[in-house]
Amino acid sequence: MSWLQDLAWPWLLLALPLPWLVRWLLPPVAVGAALRVPWSSRFDMQDGSADGRPAGRGTLRLWLAAAAWACLCVAAARPQAMGDAVQPPQVGRDLMLAVDLSGSMAEEDMLLGNRVVDRLTAAKAVIADFLDRRGGDRVGLLVFGRRAYAVAPLTLDRDSVREQLMTSVVGLAGRETAIGDAIGLAVKRLRGQPEGQRVLILLTDGVNTAGLLEPLKAAELARDARVRVHTIAFGGSGMQSPFGFRLPGPVEEIDEDTLRAIADMTGGRMFRARDTEELAGIYAEIDRLEPVERPAEAVRPRIERYHVPLAWALGLALLAWVPLPRRRRPGGETPA
């Protein structure tokens with residue numbers, strides 16, 4: 001009886017014997033002949049009821065009608081089939097990545113593998129790996145220098161975000177650092193997103209030197225909009241040699257106090273990365289702080305199949321009413 005599980009309303013199959021019950025329970029209708037003719041027996045032979053029982057074409061019509069009724073009852077019971085497994089859409093966070101493109105990001109004080117690279121190149125490599133792990137998130141990218149620009153809107157298409165990141169160059173947005181404007185632009189883009197999922201990760205290697213919005217004022221706007229801001233102060237403490245030795249260099253000026261205040265005001269965290277390895281560890285830590293919601297359990301939808309028995313019911317009903325060809329008697333006479 002496991003096939004009953006494939007029916008949405010299996011109790012409707014109880015209607016199968018209904019026509020026979022009606023015929024059995026109700027008294028027969030006495031119908032008198034309106035006109036008696038001498039050859040009336042031929043009419044009885046035509047519908048096969050001369051002896052009081054259906055026979056010949058009458059029997060065939062009866063079976064066709066019974067089969068049509070059975071198919072109609074099965075269709076009413078709504079047979080269903082299990083479809084292919086469907087994975088529900090992933091639910092993640094809305095992440096805006098803000099990357100500093102000021103002139104100081106061209107400083108070559110980072111190691112990537114065995115190569116000495118500038119800060120922006122090292123940041124691109126780490127952020128690209130970070131994007132690979134954020135399946136299910138909607139990610140956007142903005143860059144800032146003298147001004148802030150959104151180069152990728154919030155999207156599930158992480159490949160396009162990665163492409164925009166890789167084509168960004170130092171000085172594209174100006175050589176100054178507008179941290180406040182970057183936060184303000186991110187808040188504007190995140191404000192319309194679901195509350196609790198709004199996150200900004202801001203990476204910079206300097207202090208606010210440009211822009212119309214002060215960083216702490218921008219942090220207040222982010223706090224009011226429920227945008228959590230994680231800040232990353234990125235930059236080495238000297239020149240990096242190809243052999244991994246750090247050479248004396250100019251003292252870096254990073255406004256760690258302001259970055260920490262921004263993070264504290266908005267419920268985020270402030271991080272300090274002095275090399276590529278530390279930066280990778282920070283983004284791994286952010287992965288832990290902002291976990292991606294795992295996809296829900298796969299489901300198999302039920303597909304309605306009632307149209308198949310319904311089509312059979314209609315076809316059989318039509319056949320039951322179609323006039324059947326009469327058999328010719330020997331000698332070519334057709335029964336009347």
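The paragraphs below walk through a predicted model of a protein chain, from its overall make-up to a few individual residues.

The overall picture comes first. The secondary structure of the chain amounts to ten helices and twelve strands. Of its 336 residues, 37% count as buried. Contacts can also be sorted by how far apart the partners lie in the sequence: among those between residues at least 6 apart, 79% join residues at least 24 apart. A search for aromatic pairs over the whole structure turns up one.

A good place to look at packing is the pair formed by helix H4, residues 119-132, and helix H5, residues 158-166. Their axes are 10 Å apart and meet at an angle of about 175°. Because angles over 145 degrees count as roughly antiparallel, H4 is described as roughly antiparallel to H5. On the H4 side, the contact is made by Lys124, Ile127, Ala128, Leu131 and Asp132. Helix H5 contributes Arg158, Val161, Arg162, Leu165 and Met166. Sorted by class, the contact of H4 with H5 contains six nonpolar and four charged residues, with no polar ones.

Strand E1 and the loops on either side of it offer several residues worth a closer look. Gln80 lies in strand E1 itself. With a relative accessible area of 12%, Gln80 is buried, because the cut-off for that label is under 20%. Leaving out residues up to four places away in sequence, Gln80 touches Asp6, Ala8, Arg302, Ile303, Glu304 and Arg305.

Arg78 belongs to the loop that links helix H3 (57-76) with E1. Is Arg78 buried or exposed, or something in between? At 24% relative accessibility, Arg78 counts as partly exposed. The charged end of Arg78 sits over the ring of Trp9, at 4.7 Å from the ring centre. The backbone of Arg78 deserves a glance too. Most residues other than glycine have a negative phi. Phi of Arg78, however, is near 55°, a positive value in a residue that is not glycine.

On the other side of E1, Arg93 is found in the loop between strand E1 (80-82) and strand E2 (94-100). Arg93 is buried, with a relative accessible area of 12%. Which residues does Arg93 touch, not counting residues up to four places away in sequence? The list includes Arg134, Gly136, Asp137 and Arg138. Also among the partners of Arg93 are Gly196, Gln197 and Val199, together with Arg228, Glu290 and Pro291. The C-alpha atoms of Arg93 and Gln193 are separated by 9.4 Å, although these residues are 100 apart along the chain.

The tour ends around helix H7, which spans residues 215-224. Arg223 lies in this helix and counts as partly exposed, at 38% relative accessibility. Leaving aside neighbours within four places in sequence, Arg223 is in contact with Met265 and Thr266. The C-alpha atoms of Arg223 and Asp264 are 9.7 Å apart, and the two residues are separated by 41 places along the chain. Arg226 is in the loop that runs between H7 and strand E8 (228-234). Like Arg78, Arg226 has a positive phi without being a glycine, here of about 60°.

Technical notes:
Residues are numbered from 1 along each chain as its sequence is written. This is a predicted model: local features need pLDDT of at least 70, side-chain atom pairs count only at pLDDT 80 or more; totals for chains, interfaces and linings use all residues. Side-chain values use heavy atoms; hydrogens and water are left out. Helices (H or I, at least four residues) and strands (E, at least two) are DSSP runs, numbered from the N terminus. Buried means under 20% relative accessible area, exposed over 50%, partly exposed in between (1.4 Å probe, protein chains only). Contact means heavy atoms within 4.5 Å. Rings of Phe, Tyr and Trp (its six-membered ring) pair if their centres lie within 6.5 Å; planes under 30 degrees apart count as stacked, over 60 as edge-to-face and the rest as tilted. A charge sits over a ring if NZ of Lys or CZ of Arg is within 6 Å of the ring centre and within 35 degrees of the ring normal. Axes are lines fitted to C-alpha atoms, for helices over the stretch in contact, and angles run from 0 to 180 degrees between N-to-C directions. Angles under 35 degrees count as roughly parallel, over 145 as roughly antiparallel, 65 to 115 as roughly perpendicular and the rest as oblique. Ala, Val, Leu, Ile, Met, Phe, Trp, Tyr, Cys and Pro count as nonpolar, Asp, Glu, Lys and Arg as charged, and the others, Gly among them, as polar.
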